[in-house]
Amino acid sequence: MKTEFSLAQLADPDIAEADKILRACVHCGFCTATCPTYVLLGDELDSPRGRIYLIKEMLEKDQAPTAEVVKHIDRCLSCLACMTTCPSGVNYMHLVDQARVRIEQRYRRPLAERLLRKMLALVLPDPQRFRISMWLARLARPLSVLLPTPRPSATAGLIPRIKAMLALAPNRLPPAGPAAGSVFAPLGKKRGRVALLQGCAQQVLAPRINQAAISLLTRHGIEVVLVRDEQCCGALTHHLGNDEDALARARANVAAWSAEAAGEGLDAILVTASGCGTVIKDYGYLLREDTAFAADAAKVSALAKDITEYVAGLGLATTARQDNIVVAYHSACSLQHGQKITDLPKELLSKNGFVVKDVPESHLCCGSAGTYNILQPELAGRLRDRKVANIASVKPDMIAAGNIGCMVQIASGTSVPVVHTIELLDWATGGSRPALNTQA
Ligand code: SF4
Ligand code: SF4
């Protein structure tokens, strides 16, 4: 694609990067076929190629984004299916991230939307605030029937968003998991030492996921540390275009993990929420211009691993094979498109006795996508229903996924239990049976 940035514009490293990405696009349109929003809406401007043109124009003209541009960028899930499909290696992720930041900096959204986004950015990354908000949402949920039912629209107003938030709140919250700073000693001979990302929403909604990871890891000789000064990885605010917040969190985590690695050492930083893993693996890029943090950020990104990548190297000792359980494996976009981890979780589950079924249209997002199911509830609901129908077609006993956002989204549309891949692996290797509730 030909670009027309001025030399002055190209002096900005972000614009230079955008120029490189845009020039790689040959506008073949292969990406449109696998883009969930294009599949649903059939509008070129809701396809990756259409969005690339919109972003190109916005950056080249160096103007405030128009409402039309914002509408189509907001509808993008950042699922990255387009990156998997693209034959030219276009890094759509870095391009759309840049567009979101520009929108946040230069476009004035309506007041209600600004307040909603601010509230999400304040609440979701903070486990204490998130816990309180879940309790309040649960109390308020019965009142949602009093809210009017707006006509379905791909452009959501405030009421459907409030309803979506209330609907996603769980019926009950489990007790909090282990505190930051905890260290879990390995059973038997020590084979390694890892940090386990504590997560923000996940530690409130499903602390059992990291408990299963700790159980499996320590049983296989790995010491696990929950690093004290760690924060939310920044993915939630990053996807809201709030780079200031996201980069501050990235820096805090790089400092905390680097200190831990320099102290007692770390073989890896393990992540059980693939949405977080994708962003942490990108810290090196996000902080590349920050001379104080760039080198350590690159090291942190190199240490970051999805939990399945790490346990694959442990030689799991299967003690309790579950040969008759049919598991539908939901491939989270952040895992399959963001981190290119596709077959490994399924192979681990199969090796440990589960009957693993692929889900039709597995490349399509479930509609969770960070805060997407709150900000774009109508599109997210359609994607969830499509995903749940595809899952039902393989008649599973359980659904496994590697990302809490997907787990909550899918569980809100099915009565089949939804568990994390690591819970099943822990169970098959001598840990507890996963709690088979239908809420993530
Ligand atoms: S598939 Fe890649 S090269 Fe083709 S239009 Fe999409 S982004 Fe551009
Ligand atoms: S990230 Fe997903 S929703 Fe966005 S353009 Fe690419 S395929 Fe479409």
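In which sense, parallel or antiparallel, do strand β2 (residues 192-196) and β3 pair, and over how many bridges? In this predicted model, β2 and β3 run in the parallel sense and are joined over 4 bridges.

**The sheet**

These strands belong to an open sheet of 5 strands, arranged in the order β1-β3-β2-β4-β5 with mixed pairing. The edges are formed by β1 and β5 (304-306), each of which pairs on one side only. On its other flank, β3 is joined to strand β1 (residues 183-184) by 2 bridges, and here the two strands run antiparallel. Strands of a sheet pair through backbone hydrogen bonds, either parallel or antiparallel. V224 of β3 takes part in both pairings, being the bridge partner of F184 and also the bridge partner of V194. The two faces of strand β3 (residues 222-225) are unlike in their surroundings, since I222 and V224 make up a covered face, whereas E223 and V225 make up an uncovered one.

**The nonpolar core**

V194 appears again in the largest nonpolar core, which holds 122 residues and in which V194, A213, I269 and L270 touch the most other members. Leaving aside residues up to four places away in sequence, L270 touches V194, A195, L196, L197, A213, K305, I307 and Y310. In soluble globular proteins, nonpolar side chains tend to be buried together.

**Domains and their contact**

The domain assignment divides the protein chain into domain 1 (7-106), domain 2 (111-168), domain 3 (183-311) and domain 4 (326-428). Between domain 1 and domain 3 the C-alpha centres are 29 Å apart, and 7 residues of domain 1 are in contact with 6 residues of domain 3. On the domain 1 side of this contact, helix α7 (residues 92-106) supplies the largest share, with 5 residues. That side is made up of 3 nonpolar, 1 polar and 3 charged residues.

**The two ligand shells**

Ligand 2 is surrounded by 13 residues, of which C35, P48, C76, C79 and C82 are the closest. The elements that give two or more residues to this shell are α3 (36-41), α4 (48-61) and α6 (81-85), and by class the shell divides into 10 nonpolar, 2 polar and 1 charged residues. Around ligand 1 there are 15 residues, and C25, C28, C31, C86 and V90 come nearest. Here the elements that give two or more residues are α4 and α6, with α4 giving the most, namely 3 residues. The shell around ligand 1 comprises 10 nonpolar, 4 polar and 1 charged residues.

**Individual buried residues**

Three residues that count as buried are set out below with their places in the chain.

| Residue | Place | C-beta neighbours within 10 Å |
|---|---|---|
| L80 | loop between α5 (67-74) and α6 | 24 |
| A235 | helix α13 (residues 235-239) | 27 |
| A369 | loop between β7 (355-358) and α21 (372-375) | 26 |

L80 has a positive phi of about 70° although it is not a glycine, and A369, likewise a residue other than glycine, has a positive phi near 50°. L80 is classed as buried because 24 other C-beta atoms lie within 10 Å, where the threshold is 20 or more. A235, apart from residues up to four places away in sequence, touches G275, C276, V279 and G370. Its C-alpha atom is separated by 35 Å from that of Q322, which is 87 residues apart from A235 along the chain.

**Helix α24**

Why can helix α24 (residues 421-428) be described as largely enclosed by the rest of the structure? The reason is that 8 of the 8 residues of α24 are buried. The buried residues are T421, I422, E423, L424, L425, D426, W427 and A428, so the buried set of this helix includes E423 and D426 as well as W427. They pack against α12 (208-219), α18 (307-311), β6 (326-329), α20 (344-351), β8 (398-401) and β9 (418-420). After α24 comes G430, whose phi is positive, near 110°.

How values were computed:
Residues are numbered from 1 along each chain as its sequence is written. Chains are lettered from A and ligands numbered from 1 in the order in which they are written. This is a predicted model: local features need pLDDT of at least 70, side-chain atom pairs count only at pLDDT 80 or more; totals for chains, interfaces and linings use all residues. A nonpolar core is a set of buried Ala, Val, Leu, Ile, Met, Phe, Trp, Tyr and Cys residues joined through C-beta atoms within 7 Å. A residue is buried if 20 or more other C-beta atoms lie within 10 Å of its own, exposed if 12 or fewer, and partly exposed in between; C-beta atoms are placed from the backbone. Two residues are in contact if their C-beta atoms, placed from the backbone, lie within 7 Å. A residue is near a molecule or strand if its C-beta atom, placed from the backbone, lies within 6 Å of it. Ala, Val, Leu, Ile, Met, Phe, Trp, Tyr, Cys and Pro count as nonpolar, Asp, Glu, Lys and Arg as charged, and the others, Gly among them, as polar. Two strands pair if DSSP finds at least two bridges between them. Domain bounds come from an automatic or database domain assignment.
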